[in-house]
Amino acid sequence: MSAAVDRTVAFERQWLDATTWVDLARGFVTEPDEVYDHLAATVPWQTSRLWRYEKWVEEPRVSSAYQAGQAAPHAVLAETLDVLQRHYGVTFPGYSVLWYRDGNEGQAFHRDNDLRYCEDTLVAILTFGARRPWLLRRRDRKDKWIAPHGGAEHDLSPAGGDLFVMGGRAQADWEHSVPRLPGATGRFGRISAQWRWTSRRGRPEPGDSYRAPRNFTR
């Protein structure tokens with residue numbers, strides 16, 4: 001049986017607060033391991049670097065970007081885009097694919113504030129590979145630096161083939177993370193495809209994005 005999108009899967013909405021929600025479509029893609037193996041072998045993966053602590057550090061993942069109209073690396077990604085645009089009535093300008101190759105790779109809590117207009121956004125994520133934690137916490141938590149698990153309040157824990165969509169003020173008021181799993185044994189690689197859209201309503205984000213250089217010289 002070949003991998004395919006199951007268009008009968010329902011989108012189940014979970015409200016995080018009065019203005020922020022997550023839609024979950026579990027089992028959205030059948031035979032997800034087939035897609036994982038195909039993407040791992042064929043996508044032109046690239047490493048990227050961030051300026052941190054007075055030096056360049058390699059980002060703990062690899063990625064590749066696709067523009068609107070560009071051939072998709074797998075048919076299920078093209079079909080997912082069609083489903084998303086029909087369901088939400090928006091046009092996504094492109095998408096990226098990210099690969100955390102093992103449990104030692106992950107991402108700290110952050111917002112997708114490089115969208116700049118974060119008060120009304122959609123960020124859709126389709127996952128393949130290992131089931132790993134995927135955490136959400138309120139941005140304004142005062143104890144997030146000392147609380148267990150960084151103050152995480154929700155763990156979506158997507159499995160291979162699951163689709164979820166963050167909406168509303170998710171990028172303004174909430175932060176998300178794919179935590180590392182150091183020392184984990186077995187297959188913990190995770191590939192995700194991500195589509196992002198902003199209505200461009202509201203005020204643009206002040207300051208720098210997550211990817212901006214950071215200096216700490218006294």
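His149 sits in the loop between strand E10, residues 135-138, and E11. This is a predicted model, and in it His149 has a positive phi of about 60° although it is not a glycine. At 67% relative accessibility, His149 counts as exposed, because the cut-off for that is over 50%.

There is another residue of this kind. Arg116 has a phi near 70°, again a positive value in a residue other than glycine. Arg116 is in the loop between E8 and strand E9, which covers 121-129. With a relative accessible area of 26%, Arg116 is partly exposed.

Now the sheet. E10 and E11 belong to an open sheet of 4 strands, in the order E8-E13-E10-E11, with antiparallel pairing. Which strands stand at the edges? They are E8, residues 107-110, and E11; each has a single partner strand, so one side of each is left without a neighbour in the sheet. For E8, the pairing with strand E13, residues 174-178, is antiparallel and runs over 2 bridges. His110 has His176 in E13 as its bridge partner.

Just before E8 there is a loop that comes from strand E7, residues 94-100, and Glu105 is found in it. Is Glu105 buried or exposed? It is buried, at 11% relative accessibility. Leaving aside residues up to four places away in sequence, Glu105 touches Pro60, Arg61, Trp99, Tyr100, Arg132 and Arg180.

Take Arg61 from that list. Arg61 forms a salt bridge with Glu59, and the closest N and O atoms are 3.2 Å apart. Arg61 is buried, with a relative accessible area of 13%, and Glu59 is buried as well, at 3%.

Tyr100 is also on the list, and it leads back to E7. That strand is mostly covered, with 6 of its 7 residues buried. E7 runs antiparallel to strand E14, residues 190-198, and 6 bridges join them. Tyr100 stands opposite Arg190 in E14.

On to the salt bridges in general. The count comes to 19. I will go through a few of them.

Asp23 and Arg13 meet through their side chains in a salt bridge, at 2.7 Å from N to O. Asp23 lies in strand E3, residues 20-25, and Arg13 in strand E2, residues 12-17, so the pair ties together parts that are 10 residues apart in sequence. The two ends differ in cover: Asp23 is buried, with a relative accessible area of 2%, whereas Arg13 is partly exposed at 41%.

The next pair is Arg26 with Asp162, a salt bridge whose closest N and O atoms are 3.0 Å apart. Which parts of the chain does this pair tie together? Arg26 lies in the loop between E3 and strand E4, 29-30, while Asp162 lies in the loop between strand E11, 154-155, and strand E12, 163-168; the pair therefore ties together parts that are 136 residues apart in sequence. Arg26 is partly exposed, with a relative accessible area of 37%, and Asp162 is buried at 6%.

Finally, there is a network. Arg7, Glu79, Asp82 and Arg86 are linked in it by salt bridges.

Terms used:
Residues are numbered from 1 along each chain as its sequence is written. This is a predicted model: local features need pLDDT of at least 70, side-chain atom pairs count only at pLDDT 80 or more; totals for chains, interfaces and linings use all residues. Side-chain values use heavy atoms; hydrogens and water are left out. A salt bridge is a side-chain nitrogen of Lys or Arg within 4 Å of a carboxyl oxygen of Asp or Glu. Buried means under 20% relative accessible area, exposed over 50%, partly exposed in between (1.4 Å probe, protein chains only). Two strands pair if DSSP finds at least two bridges between them. Contact means heavy atoms within 4.5 Å.
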